Every structure is written in structure tokens, then in C-alpha cells.
Amino acid sequence: VAITTRLLVSHLSGIRHYEKDITKVKEEKEKANRACKLTKPCQDKEQKEKEGKGIEKTDSVKPRKEHEGEVKSRNSKPGRRDKEFEQEEYYLKEKFESVIESLKIFKNDPLFFKPGDQFLYSTYGFTLLSAVVERVSGQKFTDYMLKMFRDLDMLSTVLDDNEAMIYNRARCYVYNKKGRLVNAPYVDNSYKWAGGGFLSSVGDLLKFGNALLYSYQVGQFKNTNGKLLPGYLRPDTVSMMWTPVPKTEVSWDRDGKYAMAWAVVEKKQQYGCCRQQRHYASHTGGAVGASSVLLILPEELDSEAVGTGLVSPPRGVIVSIICNMQSVSLNSTALKIAREFDKEKWAQ
């Protein structure tokens with residue numbers, strides 16, 4: 001079979017995640033699908049009731065697992081252990097000198113399905129993707145990324161290296177089997193730099209979000225007379241990254257689809273004076289002892305203001321949340337915050 005970088009970046013490659021048993025993966029998917037079918041009528045009824053009262057419901061019940069970058073449960077509560085984090089490979093302590101070397105963990109395992117046929121979130125798919133970057137760039141993946149972070153002015157974003165002295169590094173926490181708060185166990189993330197091996201700050205993630213939003217919008221501003229610098233990426237590149245890919249799914253927002261390393265909800269409204277679905281892109285993150293989200297809600301640009309140069313990019317709301325606690329669901333909170341700021345702006 002052929003596995004392309006596009007399949008890897010959209011989790012359609014068939015490469016496994018942490019669970020090695022394909023039977024268990026299929027059982028979990030079937031169970032989630034059954035639960036989704038059972039709860040959908042209740043969700044639809046509740047949604048209509050909310051719409052009738054003029055209230056937009058954004059926190060619907062979602063029975064499926066939430067991948068949260070490294071996968072977390074939507075309904076995680078203090079003291080509740082997430083089965084996903086019981087997988088042994090979350091707690092690897094072996095140090096790998098390169099991402100090419102770390103491929104040995106899964107490179108001889110069978111694919112779970114023919115590439116392109118199904119969606120399965122896979123951290124190891126991104127490990128393979130980082131190996132491609134390493135070979136094509138001719139330098140270590142970590143060096144390549146750190147240079148990129150410097151270009152983006154993300155000076156607080158570094159490797160999650162246990163040995164290094166990192167200024168303001170937060171201590172991470174988990175709940176044990178008895179529901180008590182304890183320090184997160186020691187792990188070495190050198191086997192998955194691309195999928196969960198960097199430390200960052202809220203400020204740096206906001207810079208990253210603004211750089212992407214600027215790149216996405218700058219092509220729409222025509223009468224700039226050379227005043228606007230180009231974006232870090234071309235507008236069509238970001239548009240491609242934020243275009244939903246068929247056969248994908250997003251567990252943390254049932255309105256969304258997976259795109260290229262981003263979850264995307266498209267603009268949509270079925271009925272007048274009813275619920276509006278705003279276009280936004282987001283991704284959650286979760287690892288041993290930490291949870292996070294970055295959400296980008298682009299502003300719907302007024303063509304006249306854009307054409308006359310009265311406004312300049314980036315235009316929209318960026319929400320970043322980092323939590324030094326494992327298995328915390330953050331996407332719905334980030335979306336509510338973004339919408340509140342968006343409403344406040346239009347009210348002014």
C-alpha cells in the first residue's frame with residue numbers, strides 16, 4: 001500500500017495509535033457509534049428547545065471518546081481515570097536520539113485498515129510524518145521545529161526534555177486510582193516529539209494562532225499598496241489545512257471534521273432565526289499530566305472594509321488554554337470564550 005503525507009496528517013493512514021489490538025479498537029468504535037445513535041434524538045430535541053428560547057447550545061452530550069491531541073474522555077471528572085491513559089506506551093522512559101530511531105516502536109506492526117479507508121487518530125502517524133520532515137530537510141526534526149518556533153517569535157516553546165533546566169516549567173498532575181491528586185509520573189517523550197513532545201505557553205500559542213490567522217486572511221485584503229507583509233504561510237496553504245477531509249471525524253465537536261492537523265467546523269445555517277454554525281479551527285492536546293486547546297475563530301470580514309483598507313489582519317478571536325492536569329476537556333470552554341468575545345466586539 002501507499003501512505004502519503006496527506007493521509008498521515010489527516011489520520012487516515014491506518015497506522016495504530018497506542019492500542020495494539022485492532023479488535024479492541026473496532027469494539028470501541030462500534031460502542032461509540034451505538035451510543036451516538038441512541039443519544040442523537042435526545043440531543044436534537046434538546047437543541048430545538050434551546051433554539052426556541054433563543055439560546056445556542058454548544059455543549060451537547062458527546063458519547064464518543066475525545067482525542068484531545070493524545071485522547072481524553074469528554075466527560076472526564078476529577079478522580080476519574082481515562083482508559084486511554086492506561087496504555088503502557090504512554091509511559092515510555094526510553095530516550096531516542098532521532099525520530100527515525102523511534103519508528104521501531106510500530107514500524108513492524110500491521111496496519112489497522114487500508115490507507116484512506118477509515119479515520120483513526122494516531123500519534124505514531126505524526127511520528128512517521130516527523131521522520132519525513134527529518135529526511136526531506138536534512139536536519140533533525142527537533143532542530144527544524146525550534147528554528148520555526150524562533151521565526152514565529154515563540155521563544156518559550158521548547159522540547160519537553162526532562163534533563164534540561166526550563167525556566168517556569170510547570171509541575172504536572174494526575175488523579176490516581178483512589179481519586180487523589182498526585183504528581184504525574186516520569187516519561188520520556190522523545191518517541192513522539194511531533195505528537196506530544198513540546199512545552200509552550202499561552203502567549204506563544206496565541207502568537208502561533210495569530211500567525212496562522214494572518215496568513216489565512218492576508219490574501220483577502222486587496223488595496224494594501226504593499227503595506228501588508230506576506231504571511232508565514234500562503235493563504236491557499238492555510239485554506240487547504242482548514243478544509244475538512246472526507247471520512248474523518250472529530251470527537252470533541254460533532255459538528256466538525258478533521259482536516260490537516262486541525263479540527264474544522266464549517267459555516268452553516270439550516271433554518272432562519274435558528275442556530276448558526278460558525279467557521280472555526282481548533283485542536284486539543286493531552287499527555288501525561290497536561291491538557292490544552294488552541295482555537296481560532298476567524299472574523300467574517302466585511303468586503304467594503306477590506307477593500308478600502310479600513311481594517312487589517314488578523315481579524316478574529318484566538319483562545320488558548322493550558323492546564324497542568326491530565327484528562328481535562330477544554331474545547332467547549334474555549335469555544336464559549338471565543339463566542340463571548342466575538343459577541344462583545346460586534347456589540348461595540
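**Two cysteines, two cores and a last helix**

Let's start with a cysteine: Cys 172 has 25% relative accessibility, so it counts as partly exposed. Keep in mind that this is a predicted model. Could Cys 172 be tied up with a partner, and where is the nearest cysteine sulfur? That sulfur belongs to Cys 323 and is 9.3 Å away, and Cys 172 is in no disulfide. Looking from the other end, the sulfur of Cys 323 has Cys 172 as its closest cysteine neighbour, but 9.3 Å is too far for a bond, given that a disulfide needs the two sulfurs within 2.5 Å. Cys 323 is also partly exposed, because its relative accessibility is 21% and buried would mean under 20%. The disulfide count for the model is zero.

Now step back to the whole protein. It has ten helices and nine strands, and 43% of its 348 residues are buried. Among contacts with a separation of 6 or more, 67% join residues 24 or more positions apart.

Much of the story inside is about nonpolar cores. The largest one has 40 residues, and those with the most contacts inside it are Tyr 124, Leu 212, Trp 242, Trp 262 and Ile 296. Several elements give two or more residues to this core: the helices α1 (5-9), α4 (123-137), α5 (141-151), α7 (202-217) and α8 (235-241), plus the strand β8 (290-298). Where does this core sit relative to the domains? Domain 1 (1-34 + 82-154) and domain 2 (200-347) both supply residues, so the core lies between them.

Zoom in on Tyr 124 for a moment. Leaving aside residues up to four places away in sequence, Tyr 124 touches Ile 15, Arg 16, His 17, Tyr 18, Glu 89, Ile 105, Phe 106 and Tyr 191. Apart from the 40-residue core there is another one, of twelve residues, including Val 319, Ile 321, Ala 334 and Leu 335.

Ala 334 and Leu 335 bring us to helix α10, which runs over residues 331-347. Its 17 residues reach 24 Å from the first C-alpha to the last, close to the 24 Å expected at 1.5 Å a residue. Which residues of α10 are buried? They are Asn 331, Ser 332, Ala 334, Leu 335, Ala 338, Arg 339 and Asp 342. These cover an arc of only 155° around the axis, so they fall on the same side of α10. That buried set packs against β7 (280-287), β8 and β9 (316-323). On the other side of the helix, Phe 341 and Ala 347 are exposed.

Terms used:
Residues are numbered from 1 along each chain as its sequence is written. This is a predicted model: local features need pLDDT of at least 70, side-chain atom pairs count only at pLDDT 80 or more; totals for chains, interfaces and linings use all residues. Side-chain values use heavy atoms; hydrogens and water are left out. A nonpolar core is a set of buried Ala, Val, Leu, Ile, Met, Phe, Trp, Tyr and Cys residues joined through side-chain atoms within 4.5 Å. Buried means under 20% relative accessible area, exposed over 50%, partly exposed in between (1.4 Å probe, protein chains only). Helices (H or I, at least four residues) and strands (E, at least two) are DSSP runs, numbered from the N terminus. Domain bounds come from an automatic or database domain assignment. Contact means heavy atoms within 4.5 Å. The expected span of a helix is 1.5 Å times one less than its number of residues. The arc is that of the directions from the helix axis to the C-beta atoms.
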